[in-house]
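Student: Please take a close look at the N-terminal part of this model, and then set that part in the context of the rest of the chain. I should like the criteria behind each term to be stated as well.

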Amino acid sequence: AVVSFCLAVTQEEIPYSVVLCGAEDIGCVVRDVSSMDDLYSIIPDMLGSSPGIVGMSGIAECIRALAGKRYPLIAYFSDWVPAEIAELNGMGKITLFLCGENAEAGGDMPCWLFSPAGYRQSLHDVTI
């Protein structure tokens, strides 16, 4: 889901940053992407990053990695709505993507369902 989203954004030539948790065994790291070459160089890290402990969102580590920097928009990918998602509000406007066939929206935050069957439509519909 994340790679598909990043590919779509990169093809639109929109520069962005990706926070990878568990990458390089040092917690979360921020990678800037402004070209296809940048994206290709981080895909191995994306595929090798750890989802963390089951039931933990990694939001606290993400906030530490961003080090107070604000972003106009934040795309957060998960298979559930973490209780601490609101903590990212101070970093930027959040768009939540719930991934997987059985992902269910919850809480009062707007979100997109991102499944193998419907990811193209979600990418088409989402406004960045």
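Tutor: The answer starts with one helix and moves outward from there.

The model is predicted: local features need pLDDT of at least 70, side-chain atom pairs count only at pLDDT 80 or more, and totals for chains, interfaces and linings use all residues. Residues are numbered from 1 along each chain as its sequence is written, and side-chain values use heavy atoms, with hydrogens and water left out.

Helix 1 spans residues 2-11, and T10 belongs to it (helices are DSSP runs of H or I with at least four residues, strands runs of E with at least two, numbered from the N terminus). F5, C6, V9 and T10 are the buried residues named for this helix (buried is under 20% relative accessible area, exposed over 50%, partly exposed in between, with a 1.4 Å probe and protein chains only). These residues lie on the same side of helix 1, because their arc around the axis is only 130° (taken from the directions from the helix axis to the C-beta atoms).

T10 deserves particular attention. Its relative accessible area is 7%, so it counts as buried. Leaving out residues up to four places away in sequence, T10 touches Y16, V33, S35, M36 and L39 (contact is heavy atoms within 4.5 Å). With Y16 there is also a polar contact from side chain to side chain, at 2.7 Å (N or O atoms within 3.5 Å; within protein, one able to donate a hydrogen and the other to accept it, and residues adjacent in sequence counting only if both atoms are side-chain atoms).

The chain then leaves the helix. Just after helix 1, E13 takes a positive phi of about 60°, although E13 is not a glycine. Most residues other than glycine have a negative phi. E13 sits in the loop that leads from helix 1 to strand 1 (16-21), and with a relative accessible area of 69% E13 is exposed. A67 also has a positive phi, near 50°, without being a glycine. A67 is found in the loop between helix 3 (59-66) and strand 3 (73-78), and its relative accessible area of 66% makes it exposed.

Two partners of T10 lead into the interior. In the largest nonpolar core, which has 16 residues, Y16, V18, L39 and M46 touch the most other members (a core joins buried Ala, Val, Leu, Ile, Met, Phe, Trp, Tyr and Cys through side-chain atoms within 4.5 Å). Two or more residues of this core come from each of helix 1, strand 1, strand 2, helix 2 (36-48) and strand 4 (93-99). A second, separate core has twelve residues, including C62, Y71, I85 and L98. Beyond its neighbours within four places in sequence, L39 is in contact with C6, L7, T10, Y16, V33 and M46.

V29 is part of strand 2 (residues 28-33) and is buried at 9% relative accessibility. Its C-alpha atom is 8.1 Å from that of V18, eleven residues away along the chain.

Farther along, three strands form an open sheet in the order 3-4-5, with parallel pairing (two strands pair if DSSP finds at least two bridges between them). Strand 3 and strand 5 (111-114) are its edges, each pairing on one side only. Strand 3 and strand 4 run parallel and are joined by six bridges, and S78 stands opposite L98 in strand 4.
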